[in-house]
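User: I would like to go through this model with you and ask, for each label, what value stands behind it. Please set each value against its cut-off before you conclude.

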Amino acid sequence: MLRVTAASLCTSCQKMRLLLPSSASLTSTMASHSKREENQRTVDSLYELSVDIRKVRKLKGWVLSETTAYVSETAGLLRDMGADTAVIANILESHPEAVLCRPEDVLAQRDLWGSVCSNQHALLSIIEKFPASFFTVSNHSNQRANILYLQSLRLNKKIISKLMASAPQSFSRPVERNQEVIHTLRETYLDLGGDEGNLRVWLQKLLSQNPYILLRPAEAWRDSLGFLREQGFTTEELLSLVSSLRASISELKPEAMRQALAYVQGALGCSEDELKQAVIRCPAILYYSLPTLVGRFQGLMDAGVSVEQVKESPNVLELTTQIVLYRIQKLASYGYDVRSGSLDVIVGTKKDFEVSYAKLNLRQQRPLFNPVAPLRTAEE
């Protein structure tokens, strides 16, 4: 019986093997592609530049198998800009594809980016931080047109170079796309009562805060502002919100804002006017997700904070529950009970908080972790 079973199993295995050749062949083909023979000249050239070949193999091994590479030429261009051996190695390890760019394309890119950098050192610093952006050597005509357009707006060179480094996609596309977005931003600012004389400064702040703003469709701005108008915000209030949220307002979605406002109004038990004032004091309410708002509000309630306190200091919702608890406990160790006072003392950045509790001139108490330690006097 066992022999019959074994024989039948072997027969089944043989049949299965007959069904597998195509899959096995596919695997073999994929393996052969993934293990293409390396270009030894490329490997040797990178090794001479002190590049970590193992790191390149792990991250972008396919680069080492390309037939044509310009390792020495790329290194030479970087060296001409002032890069030392360590910097060159770091750039090529981070973005090995750089050695596949034709030298003439890299030269053109260097001249193009150099037009918005104060000097070669500044350009090299950008390349070191954003090698992938610099070595995306395509659409030079679009890049040049977009640079000229932004320069015509009298934007600071640092702002333009930051945009190119952080969001190179916005420079690779036709200039008309960016012109449309900038036109919408200008119209929005002026329609809300903004001063033409301050437009350039406002626009620079907007772009520096979020370099990806040019990639957002102009309609996103119109939809967000249209929704807020429907909620009863005045022109002056909208300008305040736009100035506070800046680029974030283009990422807001009406339905998400509707849910956030409904929750906050219900949680605080406030009127429409009180809700608007809460949003003006804490614009982040508009872009926090509903689960985030629910979690933070519940965290405040669990910490013993009252609804009335949150209504008076709505910007406390900008803080995570962990930060709120830490600050409450720190103040408590100095004898201050936040639950019986204003929450304004715990809101703001870390620096704001440190300044606030320093101004309270709180009395020192025994350390919580060592209740028998002697009190330290001011003279000590």
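**Reasoning from values to labels**

User: Before the details, what is the mean pLDDT of the chain, and how many of its residues reach 70 or more?

Analyst: This is a predicted model, and the mean pLDDT of the chain is 84, with 85% of its residues reaching 70 or more. On the 0 to 100 scale of the predictor's confidence, residues 1-33 stay under 50, and the model has zero contacts for them beyond four places in sequence. Over residues 375-380 the pLDDT is also below 50, although this stretch has four contacts in the model beyond near neighbours in sequence.

User: How many helices and strands are there, and what share of the residues is buried?

Analyst: The chain has 22 helices and zero strands, and 39% of its 380 residues are buried. Its accessible surface comes to about 21500 Å², with 53% of that belonging to carbon and sulfur atoms. Where contacts join residues at least 6 apart in sequence, 70% of them link residues at least 24 apart.

User: Why is S161 called buried?

Analyst: Buried means under 20% relative accessible area; the value for S161 is 9%, so S161 counts as buried. The residue is found in helix α11, and, not counting residues up to four places away in sequence, S161 touches V116, C117 and I126.

User: What makes S133 buried, and which residues does S133 touch?

Analyst: The relative accessible area of S133 is 10%, and because the limit for buried is under 20%, S133 is buried. S133 lies in helix α9, residues 131-134, and touches Q109, W113, M164, A165 and P168, again leaving out residues up to four places away in sequence.

User: Why is Q277 called partly exposed?

Analyst: Exposed requires over 50% and buried requires under 20%, with partly exposed in between; Q277 has 43% relative accessibility, so Q277 counts as partly exposed. Q277 sits in helix α18, residues 272-281, and its C-alpha atom is separated by 9.9 Å from that of E312, although the two are 35 residues apart along the chain.

User: Why, then, does R154 get the label exposed?

Analyst: R154 has a relative accessible area of 57%, and since exposed means over 50%, R154 is exposed. R154 is placed in the loop between α10 (140-152) and α11 (157-166), and its phi is near 60°, a positive value in a residue other than glycine. Another such residue is S50, with phi near 65°, in the loop between α3 (40-48) and α4 (53-60).

User: How do you know that I91 is buried, and what does I91 touch?

Analyst: With 0% relative accessibility against a limit of under 20%, I91 counts as buried. I91 is in helix α6, residues 85-94, and its contacts, leaving out residues up to four places away in sequence, are L78, L124, I127, E128, P131 and F135. The C-alpha atoms of I91 and P131 are separated by 6.5 Å, while the residues are 40 apart along the chain.

User: How do you know that the span of α15 agrees with that of a helix?

Analyst: The expected span is 1.5 Å times one less than the number of residues; for the 13 residues of α15 (residues 218-230) this gives 18 Å, and the end C-alpha atoms are 19 Å apart, which agrees. In this helix A218, A220, W221, S224, L225, F227 and L228 are buried, and the buried residues of α15 pack against α13 (175-191), α14 (199-209), α16 (235-245) and α17. Just after α15, G232 takes a positive phi of about 95°.

User: Which residues have the most contacts inside the largest nonpolar core, and which residues does L228 contact?

Analyst: The largest nonpolar core has 102 residues, and those with the most contacts inside it are F135, L185, L228, L286, V310, V316 and I346. Helix α17 (residues 254-268) gives the most to this core, with six residues. Leaving aside neighbours within four places in sequence, L228 is in contact with F233, L238, L241, I249, M257 and L286.

User: How many disulfides are there, and are C101 and C282 buried or exposed?

Analyst: A disulfide needs two cysteine sulfur atoms within 2.5 Å, and by this rule the count is zero disulfides. C101, at 9% relative accessibility, counts as buried, and C282, with a relative accessible area of 0%, is buried.

How values were computed: Residues are numbered from 1 along each chain as its sequence is written. This is a predicted model: local features need pLDDT of at least 70, side-chain atom pairs count only at pLDDT 80 or more; totals for chains, interfaces and linings use all residues. Side-chain values use heavy atoms; hydrogens and water are left out. Helices (H or I, at least four residues) and strands (E, at least two) are DSSP runs, numbered from the N terminus. Buried means under 20% relative accessible area, exposed over 50%, partly exposed in between (1.4 Å probe, protein chains only). Contact means heavy atoms within 4.5 Å. Accessible areas come from the Shrake-Rupley method with a 1.4 Å probe; for residues, only the protein chains shown count as cover. A nonpolar core is a set of buried Ala, Val, Leu, Ile, Met, Phe, Trp, Tyr and Cys residues joined through side-chain atoms within 4.5 Å.
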